[in-house]
Amino acid sequence: MSGKLLGSIIVLAGLIAGGLIYWLQIYAFYDEASSDTEIRLTNMVTGEPEVVLFDSFQGIDANSSPLRFRGCFTTTMSLAMLTETYEVVEGAEPRVAPGWFDCFDASEIGQALTEGGAIAFLGEKDIQDGIDRVVAVFPDGRGFAWHQLNEKYDE
């Protein structure tokens, strides 16, 4: 077998493996989030999550990792009412969603949280062990939800 043929086979196998790994990470493990997904925020008085008014929910999730959840929705609840009722989260960092899930732009959300253009709330503490659901709401009623590691994994 000539070196050119062997080299070509190795390169081709590498390209196929790379493409397959890319597809698995970006597409394969994601599913549409359940249609009965509820958006909850943690009440600052009771410490219990409560369902909030929302519509137009779009979400993705995966069984392979609890951190893969992302959601987009709209709400008619005002930011003033939300901040007076629900627990605000400092330092929330939205996780990047796959490019095909275009309603969730982590950089836009993160910038708005940093600059005060949106407010992050604690959705549910320990939705899974060591994982919190965080919900960011913009003044125009757009809302975004994601999961992030909590203080259990801060080390």
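Is Asp126 buried, exposed or partly exposed? At 41% relative accessibility, Asp126 counts as partly exposed, and this residue belongs to strand 6. Please keep in mind while reading on that the model is predicted.

**The whole chain**

Let us step back to the overall picture. The protein contains 3 helices and 8 strands. From the start of the sequence to its end, these elements follow the order α-β-β-β-β-β-α-α-β-β-β. The radius of gyration is 20 Å, well over the 15 Å that the globule rule gives for 155 residues, so the protein is more spread out than a compact globule. Along the principal axes, the C-alpha trace spans about 75 × 35 × 30 Å.

Of the 155 residues in the protein, 38% are buried. If you look at the contacts with a separation of 6 or more, residues 24 or more positions apart account for 56% of them. The protein exposes about 9200 Å², and carbon and sulfur atoms supply 55% of that area. As for charge, there are 9 positive and 24 negative side chains; the centres of these two sets lie 10 Å apart.

**Helix 3 and its two sides**

Helix 3 covers residues 106–115, and its buried residues are Ala106, Ile109, Gly110, Ala112 and Leu113. Why do they share the same side of helix 3? They cover an arc of only 160° around the axis, which puts them on the same side. What do these buried residues pack against? Their partners are strand 6 (119–128), strand 7 (131–137) and strand 8 (142–149).

The face turned away from the buried side carries the exposed residues Ser107, Thr114 and Glu115. Glu108 is also found in helix 3, and with 34% relative accessibility it counts as partly exposed. Setting aside residues up to four places away in sequence, Glu108 touches Phe138 and Arg142. Glu108 and Glu93 are 15 residues apart in sequence, and their C-alpha atoms are 11 Å apart in space. Just after helix 3 comes Gly116, which takes a positive phi of about 85°.

**Along strand 6**

Strand 6 is one of the strands that the buried residues of helix 3 pack against, and three of its residues are worth a visit. Glu124 has its place in this strand. Is Glu124 buried or exposed? With a relative accessibility of 17%, under the 20% cut-off, Glu124 counts as buried. Leaving aside neighbours within four places in sequence, Glu124 is in contact with Arg40, Thr42, Pro49, Ile131, Asp132 and Arg133. Glu124 and Val134 are 10 residues apart in sequence, with a C-alpha to C-alpha distance of 7.2 Å.

Ile127 lies in strand 6 as well. Its relative accessible area of 27% makes Ile127 partly exposed. Which residues does Ile127 touch, not counting residues up to four places away in sequence? The answer is Asp132, Arg133 and His147. The C-alpha atoms of Ile127 and His147 are separated by 8.5 Å, and the two residues are 20 apart along the chain.

Here are the C-alpha distances given above, side by side.

| Pair | Apart in sequence | C-alpha to C-alpha |
|---|---|---|
| Glu124 and Val134 | 10 residues | 7.2 Å |
| Ile127 and His147 | 20 residues | 8.5 Å |
| Glu108 and Glu93 | 15 residues | 11 Å |

**Backbone angles to check**

Most residues other than glycine have a negative phi. Against that background, Asp126 deserves a second look: its phi is near 50°, a positive value in a residue other than glycine. Ser56 also has a positive phi, near 55°, and is likewise a residue other than glycine. Where is Ser56 found? Ser56 sits in strand 4, which covers residues 55–61. With a relative accessible area of 53%, Ser56 is exposed, whereas Asp126 is partly exposed at 41%.

Methods:
Residues numbered from 1 in each chain as written. Predicted model: local features only at pLDDT ≥ 70, side-chain atom pairs only at ≥ 80, totals over all residues. Heavy atoms only, no water. Buried < 20%, exposed > 50% of the residue type's maximum accessible area, 1.4 Å probe, protein only. Helix = DSSP H or I, 4+ residues; strand = E, 2+ residues; numbered from the N terminus. Arc of directions from axis to C-beta. Contact = heavy atoms within 4.5 Å. Rg over C-alpha atoms; globule rule 2.2 N^0.38 Å. Areas by Shrake-Rupley, 256 points an atom, 1.4 Å probe, with all protein chains shown as cover. Lys, Arg positive; Asp, Glu negative; His and termini not counted. Charge placed at Lys NZ, Arg CZ, Asp CG, Glu CD.
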